[in-house]
Structure formats: C-alpha cells, structure tokens
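This report introduces a single protein chain to a reader who has not met it before. The sequence and the structure are shown first, and the account of the details comes after them.

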Amino acid sequence: MEHMIQLNIKNAGLREGELEKMKPIVGAAYETLMQRSGAGSEMLGWLNLPNEYDREEFARIQAAAKRIQQQSEVLVSIGIGGSYLGARAGIEYTMGPFANQLAGKREGVEVYFAGSNISSDYVQNIMDIIGDRDFSVNVISKSGTTTEPAVAFRLFKAKLEEKYGKEGAKQRIYATTDAKKGALRGLAEREGYETFVVPDATGGRFSCLTAVGLLPMAAAGMDIAEVMRGCGDACEKYNNPDLMTNDTMLYAALRFLMLMKGKSVEILANYEPSLTMFGEWYKQLMAESEGKDGKGIFPVSANFSTDLHSIGQFIQDGARTMFETVLWVEESRQDLTVPHDPENVDGLNFASGRTMQYMNEKAMKGTLLAHVDGGVPNLVLTVDKLNDYTFGELVYFFWKSLALSGYMIGVNPFDQPGVEAYKKNMFALLGKPGYEDMKDELEARLKDVN
C-alpha cells in the first residue's frame with residue numbers, strides 16, 4: 001500500500017483525555033455504519049465501492065472516453081450538484097485550474113460543465129468557446145427532469161442535431177441516468193444514446209467515482225483505474241475500528257468535539273489553486289449531509305494565500321465560532337525558483353534561490369501558528385502529491401469521515417429534504433402543472449418584499 005493521507009492534530013487545542021472520552025461515541029457510529037444499521041443505510045453503495053463496482057461498465061466508460069477523445073475536442077458535461085462537482089474537482093485536482101487551456105498537451109479533451117445554473121450568459125459562453133469545433137455531450141440526471149440540467153440539455157442537444165443531424169448527434173450523446181426508469185432513460189432508449197448508470201444505492205454527492213464522474217474525468221485524460229486504486233487502498237486502510245489508527249474516525253471525532261465546544265463553522269483551507277473545486281465538492285458533501293434537523297457544522301472553503309487578504313482578517317480576529325482543516329500538498333508538480341535581482345527593487349532578495357513551494361509551506365505554517373494563537377484550532381490533512389491515485393484516496397477519506405460524523409451528531413447523512421423547498425417554489429412561480437395552488441400565494445408574498 002502506498003503512502004496514505006496523514007492527519008495532524010497537534011494544533012487542535014485538545015485537553016488531556018478528550019479523545020479517550022470520544023472512543024465510545026465514534027465507535028458506536030463506526031459500528032452503525034459498517035453494520036449498515038443506521039438511518040439511510042440503503043444509500044451505502046459507496047462504502048465498499050472499490051470492491052463492488054461494475055467492471056464491465058467501467059470498461060465501457062474507458063472505451064467511451066477514448067471515442068470522445070477521437071471524435072471531439074470538447075465534452076460538455078451536463079449535471080448539477082453531485083452530478084458535476086466531483087468530476088470538475090477531480091480534473092482540476094490532477095491537471096490544475098487551466099486544464100482546458102492545456103488540453104492539447106495531453107491525451108484528453110476540454111471539458112466544460114453546464115446544467116448547474118439557469119444562466120443564459122453561461123451557456124452561451126460555452127457555445128462560443130466550442131465554436132465550430134467537434135463536441136460531445138454527457139448528460140447526467142437520474143430522473144431527466146431536474147430543471148437546470150434539463151434546460152441545458154435541450155439547448156446542447158439542439159446544437160448537436162443542427163451540426164451533425166439527428167443520427168450523427170446520437171453518436172455524440174452519452175446519458176448517465178437511472179438503470180431502468182425515468183424520462184432520460186426513456187429518451188436514451190428511444191434515441192439510441194449510449195447509457196451509463198447512476199446507482200440506486202449511491203446519492204449524488206457520493207457518486208463521483210461511479211459513471212457520474214468517471215466518464216468526464218476519463219475523457220479529460222485522467223487515469224480512472226488509478227483513481228479507483230487509490231479509493232480501494234483507502235477503503236482497506238479505513239476498515240479499522242481503532243480511533244487512534246483510523247484517521248476517518250479521528251477526523252469525525254474531532255469535528256464532533258469542535259461542535260460541542262461551540263465551533264459551528266469548519267473552514268477547509270488549501271494553498272493550491274488546483275484544490276479550489278475540491279473545496280466546492282467538500283462543501284456540498286458536508287452541507288447537504290449534515291445540515292438538517294437544526295444541526296450540523298457549516299462548511300466553508302478558503303483558498304490561501306489569496307483569501308488571507310480578505311477572510312483571513314475574520315479568521316484571525318472575528319467571532320470564535322470556527323476551526324480550520326488545512327488541506328496541504330507536500331510536493332508541487334513544478335519546481336520554480338525565485339531569481340536574484342541585483343537591484344532588489346521589490347525587497348525580495350531574502351527569498352532568492354528559494355522554490356515557490358518552500359515559500360508556500362512557510363506561508364502555511366506561519367498562518368497556522370497565527371490562527372492558533374488567535375484562538376482558531378487547526379487540523380492539517382497532508383496529501384503527498386496531486387494525482388489520480390490520491391484523488392481517489394481523498395474522496396473516500398471524506399466520504400467515510402462524513403458518514404461517521406453525521407451519525408455522531410444524530411442525523412441521517414444520506415438524505416436531503418431541505419433541497420426540495422426551493423424547487424417547489426420555483427415550479428409554482430414558473431407555472432409547472434401540479435403546483436398551481438401555490439402560485440397565487442407566492443406571488444402575493446413576493447409583492448410584499450419586492
């Protein structure tokens with residue numbers, strides 16, 4: 001087994017004996033999860049995913065990705081929430097924030113994500129970027145009727161059919177949807193799209209290592225076999241009920257302790273722009289899983305050192321309601337050294353000959369000490385390097401930690417009842433059949449506030 005993710009808790013501000021007292025609580029959560037006896041246990045398809053995933057479908061995903069790379073320069077991945085965040089996080093994690101601009105230097109296509117908003121400007125920008133180039137579409141929706149991706153799919157499907165004709169378009173459309181039912185499943189079967197499955201037992205925010213995320217990641221050039229290998233090693237590593245040697249249990253226990261001490265906000269801080277979208281994926285995973293029944297830790301992501309010049313002020317001197325989890329990358333992909341300037345106009349010669357990674361590390365350590373001194377507990381989660389393998393590791397680490405944490409605070413980590421509230425109001429205001437009785441009341445309320 002390769003080098004694993006490391007969790008450092010030396011700056012968590014723990015009192016003697018606190019972790020020992022947590023053993024029965026986190027142990028009970030671990031047993032509940034592993035015995036599949038807790039709330040939402042029907043949604044644990046991710047728990048042993050590395051050992052149970054469909055190898056035949058996996059091979060079809062790899063073949064489809066190769067076909068996309070051969071016939072297109074661009075893939076438009078259409079989905080919302082868990083149907084896009086994980087794939088985008090993985091692509092940027094392994095290839096950096098300029099992955100699309102650098103696509104010509106690797107085996108992979110540009111991947112753009114649509115269907116996560118209802119902005120006409122956003123969709124038109126993607127269409128303008130595509131221009132006259134060849135492109136394919138991967139539409140991801142379990143039902144096929146979720147508003148945001150459905151609107152985007154209509155638009156890009158029309159563009160494909162206009163460019164390639166109906167027969168040509170269907171060779172460039174890949175549908176990831178329910179195995180048996182739903183509007184998108186029916187459409188795909190009628191039109192002859194190649195289909196992949198959104199598993200019944202895996203919720204959207206746990207789905208990025210199923211076909212949902214694997215196809216766009218593979219098309220972009222990621223080695224999804226390495227992703228699954230990293231996930232598999234993490235699954236084996238964290239199949240262990242000992243709090244002190246299982247970092248998913250330790251992280252969950254520390255989050256619970258922080259919440260009990262009034263730390264209701266967690267900041268996932270990184271020092272690599274490649275991790276910005278991973279922070280977005282983390283926010284959905286944590287917020288949608290824990291934020292219910294008046295409970296939960298509010299998840300925030302921060303990109304340092306950039307955000308040290310903005311929210312860093314609040315972290316240092318604001319309300320003491322937060323703790324930080326620093327996601328630190330030990331090795332950069334590139335080695336750049338600060339050159340010497342004989343005139344030293346910018347006063348930077350103290351750093352001459354230093355690598356930027358060395359400077360970044362000192363920024364991280366200096367910030368950590370300052371924030372701890374300011375009363376903000378810090379955890380440090382270290383990844384040795386950003387690659388396909390560690391992406392799979394890290395995803396599984398957060399999946400399992402979150403599941404344990406949710407059970408510890410007493411919620412079902414696998415449902416999301418609150419997400420439906422905005423949809424009902426939006427459907428009523430748009431005049432969707434079945435919501436007519438709500439429309440007049442909502443419009444009257446809006447008149448009072450607008």
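The sections below treat strands, aromatic rings, a pocket and backbone features in turn.

## Basis of the account

The structure is a predicted model. Residues are numbered from 1 along the chain.

## Strand β3 and its neighbour β2

Strand β3 covers residues 110–114 and is mostly covered, with five of its five residues buried. The side chains of E110, Y112 and A114 point one way from β3, while V111 and F113 point the other way. In a regular strand the side chains alternate between the two faces of the sheet.

Strand β2, residues 74–78, pairs with β3 in the parallel sense, over five bridges. Within this pairing, L75 has V111 of β3 as its bridge partner. Between the two strands the chain passes through helix α4 (residues 85–95), and this β-α-β crossover is right-handed.

## Strand β9 between β7 and β10

Strand β9 spans residues 322–329, and eight of its eight residues are buried, so the strand is largely enclosed by the rest of the structure. Its side chains fall into two sets: M322, E324, V326 and W328 point one way, and F323, T325, L327 and V329 point the other way. The residues of both sets are all buried.

Which strands pair with β9? Strand β7 (residues 265–270) is joined to β9 by six bridges, and the two run parallel. In that pairing, E324 of β9 is the bridge partner of I267. Strand β10 (residues 378–383) is also joined to β9 by six bridges, again in a parallel arrangement. There, V326 stands opposite V380 in β10. The chain goes from β9 through helix α13 (residues 356–373) to β10, and this β-α-β crossover is right-handed.

## Aromatic pairs

The count of aromatic pairs in the model comes to 26. One of them joins Y238 and F397, which meet edge-to-face with 5.8 Å centre to centre and 65° between the planes. Y238 lies in the loop between α9 (224–237) and α10 (247–260), whereas F397 belongs to helix α14 (residues 388–409), so the pair ties together parts that are 159 residues apart in sequence.

Are the two residues of this pair buried or exposed? Y238 has a relative accessibility of 1% and counts as buried. F397 is buried as well, with a relative accessible area of 0%. Both residues belong to a cluster linked by ring pairs, whose members are Y93, Y238, Y251, F278, W281, Y282, F391, F397 and F398.

## Charges over rings

Two arginine side chains are placed over tyrosine rings. The charged end of R55 sits over the ring of Y53, at 3.7 Å from its centre. R172 lies over the face of Y164, and here the distance to the ring centre is 4.0 Å.

R55 also serves as a reference point for G168, a residue of helix α6 (residues 147–170). The C-alpha atoms of G168 and R55 are separated by 28 Å, and the two residues are 113 residues apart along the chain. G168 has a relative accessible area of 23% and is partly exposed.

## The second largest pocket

The second largest pocket holds about 730 Å³ of space. It is lined by 20 residues, and the closest to its centre are E272, P273, S332, R333 and Q334. Helix α13 gives the largest share of the lining, with four residues. The same helix carries the chain from β9 to β10.

## Backbone features

Most residues other than glycine have a negative phi, and most peptide bonds are trans. Against that background, the peptide bond from F304 to S305 is cis, with omega near 10°. S305 is placed in the loop between β8 (298–303) and α12 (311–317).

Where does R36 lie? R36 is in the loop between α1 (18–34) and α2 (49–52). Its phi is near 55°, a positive value in a residue other than glycine. At 36% relative accessibility, R36 counts as partly exposed.

N344 is not a glycine, yet its phi is positive, at about 50°. N344 lies in the loop between β9 and α13, and its relative accessibility of 29% makes it partly exposed.

Methods. This is a predicted model: local features need pLDDT of at least 70, side-chain atom pairs count only at pLDDT 80 or more; totals for chains, interfaces and linings use all residues. Side-chain values use heavy atoms; hydrogens and water are left out. Rings of Phe, Tyr and Trp (its six-membered ring) pair if their centres lie within 6.5 Å; planes under 30 degrees apart count as stacked, over 60 as edge-to-face and the rest as tilted. Buried means under 20% relative accessible area, exposed over 50%, partly exposed in between (1.4 Å probe, protein chains only). A charge sits over a ring if NZ of Lys or CZ of Arg is within 6 Å of the ring centre and within 35 degrees of the ring normal. Two strands pair if DSSP finds at least two bridges between them. A crossover is right-handed if, with the strands pointing away from the viewer, the path from the first strand over the helix to the second runs clockwise. On a 1 Å grid over the protein atoms alone, a cavity is a set of points where a 1.4 Å probe fits but cannot get out, and a pocket is an open set with protein on both sides within 12 Å along at least five of seven lines; lining residues have an atom within 4 Å of a point. Grid points are joined across faces, edges and corners, and a volume is the space filled by probe spheres set on the points.
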